[in-house]
Amino acid sequence: MSRRIGFILSLALLATPLWSTTPYAQSAVADLERDIRQRAAQIEDKLIAWRRDIHENPELGEQETRTAGLVADHLKKLGLEVKTGVARTGVVAVLKGGKPGPVVALRADMDALPVKEPEGLSFASKAKGKYIGREVDVMHACGHDAHTAILMATAEVLAGMKDKLPGTVKFLFQPAEEGPSLYAAFTGKSWGAKQMIKEGVLQDPKPDAVFGLHVTSGLPSGRIGYRAGAAMASADELRIKVTGRQGHAGYPWRTVDPVTTAAQIVLGAQTIVSRRTDLMKAPTVVSISTINGGSRFNIVPETVEMTGTIRTYDAQVRAGVHRDLRQVAENIAVSANAKAEVEIIELYDPLVNHDKMTARMTPVLLRAADNDAGPINPTSAAEDFSFFLNEIPGLYFNLGVVPRDKDPATAAPNHSPNFFVDEKALVTGVRALSMVTVSYLTAPGFD
Ligand SMILES: [Zn+2]
Ligand SMILES: [Zn+2]
């Protein structure tokens, strides 16, 4: 060592307060991360087998009884305290570490979608299910099979090193992230994350931090994407009923026509984003997606019904769009002597990652993904993990699953029947969830 470097080092040592635990914490974390790497690698075959089993047997929201059974059996074998039937079909388990410390919650969603899987994979789904009274084909087209398997493996990794863990880990296996399947979303019930919170999953013990991940067709296999602040949109369901006065279409002056009124409302609604919303605050979408009315070519109908969705990233912008939509629809209808009734069902809040938590966990995610991690753009998809983040500081990140010889720009997106998960990425998910947990338990807080 040169004298100059020695001098700088001794200055650095002097600058480190004696009471700082950082060097100890850093070496403790390095040991724990080595342990996580080994255990995650050892469990990889089991992880892939779980994922295939769950993929082959997908279940719709609040009907995930087989999946929940697999999860609960596994967690009980690991010696965790397990509670089933949470939010109807969810599973919650608590792992107490050997040392005192904070509580970290990890979440995976378990539900599949009413999508028909094409033939091809040896473990392709042939499952049928009931979706709001109809028989449908069912497929894990959003990758929640991967999430469930990743969290089962993470539980095994962390349970294997529990004596060394300073704190508690709470595992949240959530049903119905995509919404319920036994009743319509607008019937006033709550489901998924919101229902779990109502049933007290964020109490006894209360988590200090919450983490989760989503596999994505937007990134190459094994790459982790993260974003501080608003990362995913709010999602609202919009329903507009226009009522006129039915009559003969040959003499429309004797009617009040809800069809032309509805057409004007569709166009008026498009001016809310383009003319009235401050898009510098938050990108915003208003889509009218269905329009139904009438029974015959020569009858002006009594009513026309429309549905659509509203997406944005900011609570104030969201409230402004709701107000403007009511004003535009109701007043256009009044100008035509008709009546518009507007109903807006707030499904999911914007998903807002904690800024300091994101900054703190960035180096951890880089280590978990062997340096293949980086910031990503916000997405206009929605995710009910937002409700956990409303209550507890945390981070929800993405894990790429597009095979390295394919281009994510043209890969089939989540929810497509051709959505494909490269299973090589899954072990990175286990490392990432385990490492952020250990990092937080070892040094709680955000600095
Ligand atoms: Zn989805
Ligand atoms: Zn999803």
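Relative accessible area is used here to class residues as buried (under 20%), exposed (over 50%) or partly exposed (in between), with a 1.4 Å probe and protein chains only. The structure is a predicted model, in which local features need pLDDT of at least 70, side-chain atom pairs count only at pLDDT 80 or more, and totals for chains, interfaces and linings use all residues. Residues are numbered from 1 along each chain as its sequence is written, chains are lettered from A and ligands numbered from 1 in the order in which they are written, and side-chain values use heavy atoms, with hydrogens and water left out.

The zinc ion (ligand 1) is bound by Cys142 (SG), Glu178 (OE) and His415 (NE2), at 2.0 to 2.3 Å. Donors are N, O and S atoms within 2.8 Å of the metal (3.2 Å for Na, K and Ca); water is not among the atoms, so sites may look incomplete. Along the chain, the donors of this ion have the spacing C-x35-E-x236-H. Cys142 also coordinates the zinc ion (ligand 2), which lies 3.0 Å from ligand 1. Cys142 is in the loop between β5 (134-137) and α5 (144-160), and Glu178, 36 residues apart from Cys142, is in the loop between β6 (166-174) and α6 (192-198). Helices (H or I, at least four residues) and strands (E, at least two) are DSSP runs, numbered from the N terminus. Cys142 is buried at 8% relative accessibility, whereas Glu178 is partly exposed at 25%.

Two residues other than glycine have positive phi: Glu62, near 70°, and Ile132, about 45°. Glu62 is buried, at 7%, and Ile132 is partly exposed, at 37%.
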